[in-house]
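Me: Please walk me through the open and enclosed spaces in this model. Keep it short.

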Amino acid sequence: MRIRRLFKWTRFGIFAVFGLIVLSTSILCIYTVDTELSAEYEVNTQNIAKTIADSSAGILLNQNLATLQSLVDQFLEVQGIRYIYITSETGEFLAHTFVPGIPEEILESEHSNTAPVERSLPGMGDFIEVGSPILAGVAGTVHVGMDLDVVALKIQRAIGQQVYLISVMLLIAVLASIWFVNLAAKPLGELLAYAVELAKDGENDELGERDILARDDEVGHLARLFLHVSRQGGGRGLPAGTSGTE
Amino acid sequence: MQCSLEPEASPDGKWGPLVTRKSLMRSGLAALLVAPFTASALVAGRGQESGGSEAESSDRAEGRGATDEEIVLGVSAAFSGPSRGLGTELYRGAMAYFNHVNENGGIEGRKVSLRLYDDGYQPDPCVQNTMRLMLEDKVFSLFGYVGTPTVTRVLPILKKFQDEKIFLFFPFTGAQPQREPPYGEFAFNLRASYNQETAGLVDNLVQIGRRRIAVFYQIDAYGRSGWAGVRAALDKHGERLAGEATYSRGEKFTGSMRKQVEILQGVSPDAVICIGAYAACAAFARDAVDLGLEVPIANLSFVGSENLLKLLTEGQDDAERYTRQLINSQVVPSYEDTSIPAVQEYRDLMARYDPQVPADLVQEEYAPFPHSFGSLEGFLNAKLMGEILRRLGPNPDRAGLEEAIFSIEDFDLGISERVSFGPDRRQGLQSVYHTVVEDGRFVPLDDWGARFG
């Protein structure tokens, strides 16, 4: 006989508590990772733009545009960077990485602007673009476009990994708690079955020789008590080995 | 050679899934500062020695870069990929001359051989090949490199090891970085520059009234170099670029250039100057004609004229339709003009030796041309290199290279233009030639007005 109803609420409680922990941890994790990584990527992109700007000042002053393009091409190898362009102080495009041409939206944008701006370029995707002035802007501006899809993918992957870990831990915890509950419920089921047999045939000598009576725990105490009550027919006095305070 | 160079950047320069500001900046700075010097590149070039016996690098390790038996020159060039024709043709022309030299006793008894590596016209393998040539193979000099994006990345290495006096001789590029500070002193050029080529094209086009000039270019250092040349030439005429379209390096002829053509059609140009390699430029010319952009389409010498022509005409019923608007700028005279002594010598030696790229370096099928502008340029490069090595005397040493080359004054290579070098003159030839297609071959363009006016 299994004790189901007795632990129904216990199991429900375990699920509820662990579910709440997973939910709150996941929400916090998503928020933190999303916020922190988004900010990190934006700062990184700004730093790259600044590095290019600092490196290209001398090259620009020498009008060595092939070297400038070579410099830009190397930074394009950095993951997530999808486009770079450098404009002169008059807005002329001196180097860029666009194929098959410079998108209309970028041609029409304010090239001296260095504040982060989100762009959606047809056929290319969504980007966050940051700029950095070259020689305080008197020699031009560097613009770097970070692919938001790549950033989102990275963030999703980071979040996914953490939520996956938490979920696995929840599953293990729930399975373990069920196993422990079942472990506790099994002797109670045996006790219940023994009590039922006593109720049906209390005078049967075989019932006084059951293994359950030899148990040195609460179930053994209760089994001996049930047998004693059954044999005494009313419960006056306690059988040897049974403490009323336990 | 005493040098220490530990790779500092990651092999691919990529980030992990989670990047930190520090790691990102490290990657960026590595790309800027360290990558040109690192020996860990994306693709390893495959090496092959040709022209002489297997060199003993231990002898060369003493610092002279030459043994008593041979002088080894290091080459990193495109022998694979869509631009393999450029490296192959240049190599064939050079080896025609060096084979001739070696067969006739070499230079001061030493054979001249080339240590070859394939870079596929990609910068990172070229950097890796260069490091190997300098540090492991210990070659005497670098010779006959192909391409601007590759050479541009190698120049900082030459500066880094400037005490070793390893110079880059006669790269197949007309870009400015190896002609100007801070790297100009580490390279010697024979061919005219892209600035000269683009100025020649722009001046002639403007002269016949074609002032709205657009540019189709490879989006890298080579394309930018040509773009800057066109821009500067137009500026002298008070004009600006009418428009521009780009393509990525490595594009094949089978790729579509329709978007690029449509972009340029939108600015209604009078002419288009292409700064690219033959596969992409042929694709552009094809799509331009197919989409009705019927204006002169000019190409620079680097394009590889014969390969361009082959792609546009092979299997075409109406090939003339695709080639009649072509103008190709050249930096060597026509290989058809046998009245030029060097051309006759080149044709004789090409016929006699018919050099082939070593089988180990051949990854894709390529049928070389009996004669080409590229192999003629390689031949002239080798001829001048041979003269420099002769001037080094019986004990060739890198330390004497500059003195030897600066002693070359009004040297007759066998073409109409004489060659001079000096501390402030590191480019031997200045002439630019213009050609058009007639009867399936490139011939000199004499009258721009009659043809395109």
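Reply: The model is predicted, and the questions below take the largest pocket, then the cavities.

Me: Which element gives the largest share of the lining of the largest pocket?

Reply: The largest pocket is lined by 50 residues. Elements of both chains supply at least two residues each, including α2, β1 and α3 of chain A and α4 and α5 of chain B. The largest share is four residues, and it comes from α7(B).

Me: How many residues of the lining of the largest pocket are charged?

Reply: The lining divides into three classes. Nonpolar residues number 23 and polar residues ten. The charged residues number 17.

Me: Where does the largest cavity lie in chain B?

Reply: The largest cavity holds about 100 Å³ of space. Among the residues closest to its centre are B:F172, B:E306 and B:F373. Two domains of chain B both give residues to the lining, so the cavity lies between domain 2 (47-191 + 337-422) and domain 3 (194-330 + 434-452).

Me: Which element gives the most to the lining of the second largest cavity?

Reply: The second largest cavity has a volume of about 60 Å³. Both α3 and α13 of chain B supply at least two residues of its lining. With four residues, the element that gives the most is α3(B).

Me: How many charged residues are in the lining of the second largest cavity?

Reply: B:L90, B:Y91 and B:F143 are among the lining residues. Six of the lining residues are nonpolar and four are polar. The number of charged ones is no more than that leaves: no charged.

Definitions and conventions
Residues are numbered from 1 along each chain as its sequence is written. Chains are lettered from A and ligands numbered from 1 in the order in which they are written. This is a predicted model: local features need pLDDT of at least 70, side-chain atom pairs count only at pLDDT 80 or more; totals for chains, interfaces and linings use all residues. Side-chain values use heavy atoms; hydrogens and water are left out. On a 1 Å grid over the protein atoms alone, a cavity is a set of points where a 1.4 Å probe fits but cannot get out, and a pocket is an open set with protein on both sides within 12 Å along at least five of seven lines; lining residues have an atom within 4 Å of a point. Ala, Val, Leu, Ile, Met, Phe, Trp, Tyr, Cys and Pro count as nonpolar, Asp, Glu, Lys and Arg as charged, and the others, Gly among them, as polar. Grid points are joined across faces, edges and corners, and a volume is the space filled by probe spheres set on the points. Domain bounds come from an automatic or database domain assignment.
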